[in-house]
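Visitor: I should be grateful for a close look at how the helices of one chain pack against each other, and at the contact that this chain makes with its partner.

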Amino acid sequence: MKITDETVDHIAHLARLEFEGEAKTAIKQEMETIISFMEVLQQVDTENVEPLIFMSEEINRLRDDVAEVTLTQAEVLKNAPKKDSDYFRIPKVLDK
Amino acid sequence: MEIKDKYEAVIGLEVHAQMLTKSKAYSNDVNEYGAQPNTNVSIVTLAHPGTLPMMNKKTIEYAIRLGLACSADIADNQYFARKNYFYPDLPKGYQITQDKTPICTGGEIIIKDDNGNDKTIGLTRIHMEEDAGKSIHDVDVFDTLVDLNRAGVPLLEIVSEPHIKTSQEAYNYLTEVRKLVRYLDICDGNMEEGSLRCDANISVMLKGSKVFGTKVEVKNMNSIRNVQRAIEFEISRQIEAIEKGEVIAQETRSFDALKGITISMRSKEAANDYRYFPEPDLQPIYVGKEQIEAVKNEMPPLPRELFIKYTNELGLSDYDAYVLTDSKELALYYEGVIAATKNYKAAANWVMGDVKSYLNHRGLEITDFPVAPQQIAALIQLIEEGKISTSIASQKIFPALTENPLEPPLSIAERLNVIQDSNEDSIRAYILKVIEQNPNEVARYKSGEKQLTGFFMGQLMKVSQGKADPKQANQLMRELLEN
């Protein structure tokens, strides 16, 4: 399957990545390789085969509704590149 | 005929209800509104590498409760899905939701249409998912502030079929949904705080058309009234646009409550591409018949069941039944009263009258009311037995009862010396006293001013300190005045 520039742009945008020039040619090539590999799998006849979603047969791995405070506010914010004493700070996401 | 009347609207609502669990959907952080920012956040919510979600048992029970209340089908085998998108209030980069296997499908909610008749609004599905954190855009000039306390709070998304035709029906539908989740104790239904939220899908088409118009999604309505206003505006906007020959764009619009208008959100994102796929970190869940039965056995009474019981079995008016079933707490109080008296109408009058006005004056809820429902029933019985009059009960006993909630009403009546006097001799004595004290009025009565009966009854109550049985007195009064 041929990967077009539009497909690369679309997927890149969804992943918030940017590819230009050589990098774009390279990623296009790599995506084509991956898709071609998947095409091999597509040839297998899966008529009447239920999709296998989970490898394990375990079900209902549930927990009781018990709450706990496990991190302090300072710990929660610790790794943020930008923060104040209460909040994560990020560039404006709405251009109002 | 107005141009508007040529068109009909097609409306479907998506309601998000935050579940009243102690902990979040897939991690054990505290689920609580109004906490200090970023204090109820765990490493799972922060999406640190290697952390894994684990499903909260309670959310399944709550979803089943709602499904049963709406007569929906409850799926036995379910798995979760990842809905992928990048947004700062969602650290994982995906929302864990139910895509292919919602816990509930179908079902219905019965509402009133614009004419007050019952109308069934079908449900498409109800599924479980998680909330995102909160982004605050309007506090700082340069930065958006993010609070992750809400991230991971369990939600039920309730999707209606496009069966809603008017803004009033949308209002009534949301009122029913809110009442239902509150009765079921699964959500506090507070739209202002965002624990109940609603998005509306709205389109218009020529009346009788089979083809729906292009639908527009409207968001950001923080009260039921605002949902109604937004829908009204949007219907008019779409009709005007079509009449001008414009094409309705499929888009998301935001409601501006101050201006009462909807504004295009102009998202640069092309069509959303969420790339759903099965969530590998959560094992599938299986809901067996036994589990559904167990939830069914614990179900509280539902507002509609009570409404039907009150109107059909107890003979109350639609209005009375509506007021009494407005909140579960009030309905349960009324249930308590009628468990102890068969006088259903009097019980309704007391609960909706004296009890409610006592609460309203003090800004209290029925759960704060100090008097037990059995005491109200006992008060009603005193009136029935003719021991006290309704006005004495309301003016003297009821206030005393709220001061001494445990004292039997009979003992209060005795203590206040207001037991009604039905003894003919003593009533006769009171009446003769009234006649003696008011010779002028008696003369006027005898010359034909029969409307003075009311005056004499008032005097009688004064003389007897409200204790004369008015039914007996009325009769006797006429006899004595005529002679």
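Guide: The account below takes the helix pairs of chain B in turn and then passes to the salt bridges and the interface.

The model is predicted, so local features need pLDDT of at least 70 and side-chain atom pairs count only at pLDDT 80 or more, whereas totals for chains, interfaces and linings use all residues. Residues are numbered from 1 along each chain as its sequence is written, chains are lettered from A and ligands numbered from 1 in the order in which they are written, and side-chain values use heavy atoms, with hydrogens and water left out.

Two packed helices are described by the angle between their axes and the distance between the axes. Here the axes are lines fitted to C-alpha atoms, for helices over the stretch in contact, and the angles run from 0 to 180 degrees between N-to-C directions. Helices (H or I, at least four residues) and strands (E, at least two) are DSSP runs, numbered from the N terminus.

In chain B, helix α2 (residues 167–183) and helix α3 (residues 224–243) have axes that come within 8 Å and cross at roughly 155°. The two are therefore roughly antiparallel to each other, a label given to angles over 145 degrees, while those under 35 count as roughly parallel, 65 to 115 as roughly perpendicular and the rest as oblique. The crossing of α2(B) and α3(B) is right-handed; in such a crossing the near helix is turned clockwise from the far one by less than a right angle, and in a left-handed one anticlockwise. Among the residues of α2(B) that meet α3(B) are B:Tyr171, B:Leu174 and B:Arg178, and the α3(B) side includes B:Val227, B:Ile231 and B:Glu232; contact means heavy atoms within 4.5 Å. By class, this contact has 6 nonpolar, 4 polar and 3 charged residues, where Ala, Val, Leu, Ile, Met, Phe, Trp, Tyr, Cys and Pro count as nonpolar, Asp, Glu, Lys and Arg as charged, and the others, Gly among them, as polar.

Helices α13 (residues 439–446) and α14 (residues 453–463) of chain B have axes that come within 10 Å and cross at roughly 150°. They too are therefore roughly antiparallel to each other, but α13(B) passes α14(B) in a left-handed crossing. B:Glu441, B:Val442 and B:Tyr445 of α13(B) make the contact with B:Thr453, B:Phe455 and B:Phe456 of α14(B).

Salt bridges form the next topic. A salt bridge is a side-chain nitrogen of Lys or Arg within 4 Å of a carboxyl oxygen of Asp or Glu, and the count by this rule is 40 over all chains. One of them joins B:Asp131 to B:Arg197, with the closest N and O atoms 2.9 Å apart. B:Asp131 lies in the loop between β9 (118–130) and β10 (134–136) of chain B and B:Arg197 in strand β13 (residues 196–206) of that chain, so the pair ties together parts that are 66 residues apart in sequence.

At the interface, 38 residues of chain A are in contact with 53 residues of chain B. Between chain A and chain B there are 4 salt bridges; A:Arg89 and B:Asp143 meet in a salt bridge through their side chains, at 3.0 Å from N to O.
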